[in-house]
Amino acid sequence: VVVALLCWAAGEVAAYPPWHPSWGHPPSRGAQADSTAWSWVEEPRFPATSSQQPVAVQCQEAQLLLTVHRDLFGTGRLVNAADLTLGPAACKHSSLSRAHNTVTFTAGLHECGSTVQITPDSLIYRTLLNYDPSPASNPVIIRSNPAVIPIECHYPRRENVSSSAIRPTWSPFNSVLSAEEKLVFTLRLMNDDWSAERPFTGFQLGDILNIQAEVATESHVPLRLFVDSCVAALSPGADSSPHYTIIDFNGCLVDGRLDDTSSAFVTPRPREDVLRFRIDVFRFAGDTRNLIYITCHLKVTPADQTPDPLNKACSFNKARNTWAPVEGTRDICGCCEAGNCGSSALSRSLHPMERWPGRRFRRHDPEGKEAEADVVIGPVLLSGEPGAGGQRQEGAQGGVTAVLGVGTALLCVVAAVGLAGAVLATGRRRCSRASA
């Protein structure tokens, strides 16, 4: 019985979690304890976290005012103001307040590489706040990770926005704009059931990007929309490097040709002026920003015009090992495999004055039957590599400890039972000898 109790106590000690906080000294004896042994349970040495918002944005009429608290991560350690930049153009801050530990950026809505997305109701200007920490005093080590914070400004489209009063003439101002802008091309990032737009953040490798292209035709004749080409890059525009081609050859979704992708156009269309496609999420190798911009060239044709090799939407069918169009005959996709369907729309150059804000432009043919535009979507932000490895390792170590503790207790119980059996057997033999 004594041996069994000792084994049970040893099992309890083995099963007890190592480095448990309750092993520490009581508060009254904390001053006498070794300060280095339990320093991890002491109160943090940095100041209390500031209650101020780390990033504040004011969307003004023609510019945005961005105020960044230098305690960006709420840890009490102030970031270097020189490590903060705005937008893909890496614009520097305009002012620094050491009294309030804030950094201020002032930039026009179209400056610093910002992009604009046009929806039926809003103009959405997007840019990024970049934090790229400089090396520490010892260049061998780093103490913080880079970060990218998306910034957005939303403006209504249905109202006139101007710093001066508008004097109406014989026709209202909105009517004049409507007459001038007959076609508006848009790209939207949609949720899984295509019922609403979704944020540009939180994507991981293995996810799917649902992209919807559409054109607002106003009072125009019925039109059919096509995505002529799409290129992904680290900044807006199809000419930046590095870049990756998603759609090419006048509507061939070449990304779906690879064995490890499921990218394809969605068929059938919901409407003639809408075209949907899915692409597998990817990131550029060796880049720490974990973001991509997608620039697509959109164009329209009359809805009654038959699709042809220059106006098509073709996906690769892996089961049949052939290209298939959203509409039209299969022969219009034959040039996708050969890679020669005509000149790529994104390779054409326009005069700089023809470009619209947000890197969008539009072109009409002499008869006015076809229009096209470049539209940028992004930045699509990908989540960094999850740090679950260390957590899994820590959890695994804890699990091993628990198993060892239970195993030790079970081993001691078995040993105790065996010892008790041996004692009983010895007693029986002694009783038998006494009887004899």
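Two strands are counted as paired if DSSP finds at least two bridges between them. Helices (H or I, at least four residues) and strands (E, at least two) are DSSP runs, numbered from the N terminus. The structure is a predicted model, in which local features need pLDDT of at least 70 and side-chain atom pairs count only at pLDDT 80 or more, while totals for chains, interfaces and linings use all residues. Residues are numbered from 1 along each chain as its sequence is written, and side-chain values use heavy atoms, without hydrogens and water.

One open sheet comprises 4 strands in the order S1-S2-S5-S4, with antiparallel pairing. Strand S1 (55–59) and strand S4 (95–97) each have a single partner strand and stand at the edges, so one side of each lacks a neighbour in the sheet. From one strand to the next, the twist averages 15 degrees (axes are lines fitted to C-alpha atoms, and angles run from 0 to 180 degrees between N-to-C directions). Antiparallel pairing of S4 with strand S5 (residues 102–108) involves 3 bridges; serine 97 lies opposite threonine 102 in S5.

A further open sheet of 4 strands follows the order S9-S10-S14-S13, also with antiparallel pairing. Its edges are strand S9 (184–190) and strand S13 (264–265), each with a single partner strand, so one side of each has no neighbour in the sheet. S13 pairs with strand S14 (residues 274–280) in the antiparallel sense over 2 bridges, and phenylalanine 265 is placed opposite phenylalanine 277 in S14.

Strand S15 (residues 291–302) runs antiparallel to S19, joined to it by 9 bridges. Leucine 298 has alanine 373 in S19 as its bridge partner. Of the 11 residues of strand S19 (residues 371–381), 11 are buried, so S19 is largely enclosed by the rest of the structure; buried denotes under 20% relative accessible area (1.4 Å probe, protein chains only).

Methods: Buried < 20%, exposed > 50% of the residue type's maximum accessible area, 1.4 Å probe, protein only.
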